Amino acid sequence: MSPPARSEVDGPRRPGRVASTAGSSTDRSSPRKREALELFRALPRHYDALSAALSFWQDPRWRRALVSAVEPAPAQRVLDVATGTGMVAAELLRRADCSVVGIDQSPEMLAAARARFAPVEGERSRVELVEGQAEALPFADASFDALTFTYLLRYVDDPPATMRELARVVRPGGRVASLEFGVPPWAPARAAWRLYTAIGLPVLGRLASREWEQVGRFLGPSIRGFYERHPLERIVGYWEQAGLENVRVQRMSLGGGVVMSAIRRADDDRDT
């Protein structure tokens with residue numbers, strides 16, 4: 001596969017500024033990376049509608065909360081990582097007269113995003129779409145005023161290194177916000193969540209397609225396993241170690257969704 005296209009906002013990267021922590025992976029040879037690419041290959045056609053329906057229409061609400069947390073402003077340049085079909089990018093544009101660069105590793109998801117943002121004749125799109133990976137962003141340091149990412153950290157081998165790479169491209173004082181699935185902390189809600197992810201999701205997914213049944217079987221164990229390895233308190237630490245401050249955690253839908261936000265430290269001059 002050809003290397004990621006370089007964006008018009010790119011500049012020379014400073015040597016040593018890209019996350020390269022031992023154990024991180026920035027190529028397609030990682031089993032986690034291959035699994036993610038295969039999982040999303042057949043999903044884009046009905047992704048928006050089914051992701052909303054299978055979450056009981058909570059996913060769109062969570063995405064709106066994510067955009068509210070990043071507070072886009074006119075004339076800002078925002079990077080949307082793991083942009084998928086472009087749902088968050090579209091919400092960013094609805095909120096502010098900003099420009100958005102969306103990056104995703106899945107060519108199939110990006111094709112759906114390109115269809116969404118196909119410019120009207122005579123107009124220039126405010127969204128630029130780039131194929132690439134969050135672990136090695138093809139952008140210069142401090143290239144963006146704000147950054148969003150959605151359902152990303154479960155699919156990378158080294159979340160702390162990925163957080164450092166995400167923070168690297170945000171200007172000091174810029175905002176970062178994320179959305180991830182969560183496991184409800186309240187015991188009754190957690191029991192219902194486990195029942196739904198173990199039985200409900202696979203059954204409902206099967207009604208849509210074989211691929212969505214696979215997603216339904218994958219999600220519950222994937223989410224539980226992620227938080228067993230990376231408890232939420234530890235993830236907050238990853239953000240802080242990446243040079244982000246005022247980290248805020250917002251649990252939504254009894255904890256089924258988690259929106260996090262923070263600010264890039266103004267005095268953060270260490271190597272990322």
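Colleague: What space lies in the second largest pocket?

Modeller: A general idea helps here: rolling a probe the size of a water molecule over the atoms shows where empty space is left. In this structure, the second largest pocket holds about 220 Å³. (A pocket is an open set of points on a 1 Å grid over the protein atoms alone, where a 1.4 Å probe fits, with protein on both sides within 12 Å along at least five of seven lines; lining residues have an atom within 4 Å of a point. Its volume is the space filled by probe spheres set on the points, joined across faces, edges and corners.) This is a predicted model, where local features need pLDDT of at least 70, side-chain atom pairs need 80 or more, and totals for chains, interfaces and linings use all residues. Residues are numbered from 1 along each chain, and side-chain values use heavy atoms, without hydrogens and water.

Colleague: Which residues line the second largest pocket?

Modeller: Among them are R194, R224, Y227, E228, R251 and V258. Helix 8 (residues 210–229) gives the largest share, three residues. (Helices are DSSP runs of H or I, at least four residues, and strands are runs of E, at least two.)

Colleague: Which strands pair with strand 7?

Modeller: Strand 5 (residues 170–181) runs antiparallel to strand 7, joined by seven bridges, and S178 stands opposite M260. Strand 6 (residues 244–252) is also antiparallel to strand 7, over seven bridges, with E245 partnering I263. (Pairing needs at least two DSSP bridges.) Strands 6 and 7 form a hairpin with four residues between them, where S253 has a positive phi of about 55 degrees.

Colleague: Is strand 7 mostly covered or exposed?

Modeller: Mostly covered: seven of the eight residues in strand 7 (257–264) are buried, meaning under 20% relative accessible area with a 1.4 Å probe, protein chains only.

How values were computed. Buried means under 20% relative accessible area, exposed over 50%, partly exposed in between (1.4 Å probe, protein chains only).
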